[in-house]
Amino acid sequence: MSQKQILLEKIADRTARIGVIGMGYVGLPLAVEFAHSGFRATGFEVDTRKAEAINKGESYIIDVPSEQVAELVKAERLQATIDFTALANQDIIIICVPTPLRKTKEPDVSYILAAAEKIQDALHPGQLIILESTTYPGTTDEVLRPMFDEKGFSLDQDYFLAFSPERVDPGNPQFQTKNIPKVVGGVTEDSADVAAAAYGAVVENVHRVASARAAEMAKLLENTFRAVNIGMVNELSQLCYTLGIDTWEVIEAAATKPFGFMAFYPGPGIGGHCIPLDPHYLSWKARMHGFEARFISLAEEVNSTMPQHVVELVQAGLNKHRKAVNGSKVLVLGVAYKRDIDDMRESPALGIIEKLEKLGAEVSFHDPHVNDVVLENGERMTGVALTEQLVTDADCVVIVTDHRAVDYRWVAERAKLIVDTRNATRDLKKGELAEKIIHL
Ligand code: SAJ
């Protein structure tokens, strides 16, 4: 029997051993899904604490209940280890490691390379390697394949290689690993066959594309689409502000179109671990081929000016009260990169706070989900409780993240001036409080 037939059989009877490298918000839910579907899954981590937590039946990921981890660990369907030599015991190895940007905004694939080196050491015939980390088109076939070939193994005879983008949306109550369609691209048809069979055992819908790089590109299109459209509405909001038009009303009206339109909303800038970073993987690859990805650069240009635009709205608001930013008390309401979460990665709030402080403002923040922040300049700030005194003392309140836990009418009734970057005070636009609110 060929290695392909052997592997397909192991997938069919659930005896294939699944190794997932990187037990983060992508890897842990994936390992749990495979274990839940009858496979034995092993999570590989460099962080001992994460491995220990999993083996103790504890979850540190919002979408994975500890009870589920505990049950699967007890049933010996799930375990975690820091011993990467155990990769040799896995039939299928899925790489779910971070792909950040360097300071130069260039891709940092060092985590992928570190994982691939460990796989290289353990590689033997019969294994399927899948990369899930978001990366530039060509990583799987140009970077990973040569690393495995140089061990003297040949693709499809000995090992199989594919790419399948992660689509985890932390905290999304409707879409979890099982019911999010999975795009799969093999470096070859045979590799695609085994990768599609592996995911087909755990997710409801597998969508095959012709190559690994098509799958890599699909992921980048998904998130570049968001970054570009957010950039477009951010630019529109600046124009609407100049023309005295309510941007939010305009978007709401356009969104009544039942086809051919998708609403995006202006904001204080874009944060998170995907949207600000992923498009730069594509523009970097494009530049390597002498191609300028202009929409990505333009979106970045517009989105990265939003924190400054917010500061200018604060300045304009204080100016109306004959106050300078210098010496004013500014309360920043919400610092997480989007509402109802505690994630600060790339949050625009950090830049807004730093810029206000540079202008001499006394800045404090309240965020129901975030207690402490570290600014880009290294300054540590601790959040403050949202009290009546805090709001009435503030010369300006800036709503940067519209967490549902905050009562914005209560805030507006007590604030002197509000700059609202998220339309959190949408219900107050027509009442007596409207005149103290400046909208993005
Ligand atoms: N943002 C805007 N205006 C918008 C939408 C978002 O300013 O109309 C801002 C957010 O406030 C945030 C940033 O952009 O700061 C990113 O927001 P996001 O909604 O894209 O959230 P993320 O970063 O959690 O994106 C993830 C992505 N998921 C994956 O990559 C697997 C993205 O593809 C999802 O579409 C998104 O979640 C989602 O829809 O929740």
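**Ligand and domains**

The C-alpha centres of domain 1 and domain 2 lie 36 Å apart. This is a predicted model: local features need pLDDT of at least 70, side-chain atom pairs count only at pLDDT 80 or more, and totals for chains, interfaces and linings use all residues. Residues are numbered from 1 along each chain as its sequence is written, and side-chain values use heavy atoms, with hydrogens and water left out.

Visitor: What makes a residue part of the group that surrounds the ligand?
Guide: One of its heavy atoms must lie within 4 Å of the ligand. 18 residues surround the ligand; Lys219, Asn223, Arg226, Tyr265 and Tyr337 are the closest.

Visitor: Why is the pair formed by aspartate 169 and the ligand called a polar contact?
Guide: A polar contact is a pair of N or O atoms within 3.5 Å. A polar side-chain atom of aspartate 169 is 2.9 Å from a ligand oxygen, so the pair qualifies. For tyrosine 337, a polar backbone atom lies 2.7 Å from an oxygen atom of the ligand.

Visitor: How much of the ligand does the protein bury?
Guide: Alone, the ligand exposes 730 Å² (Shrake-Rupley method, 1.4 Å probe). The protein buries 85% of that.

Visitor: Which domains supply the shell around the ligand?
Guide: At least three residues come from each of domain 1 (3-210) and domain 2 (227-439). Those bounds come from an automatic or database domain assignment.

Visitor: What makes two residues of domain 1 and domain 2 count as in contact?
Guide: Their heavy atoms must lie within 4.5 Å. By that rule, 15 residues of domain 1 are in contact with 12 residues of domain 2.

Technical notes. Polar contact = N/O pair within 3.5 Å; in protein donor to acceptor, adjacent residues only side chain to side chain.
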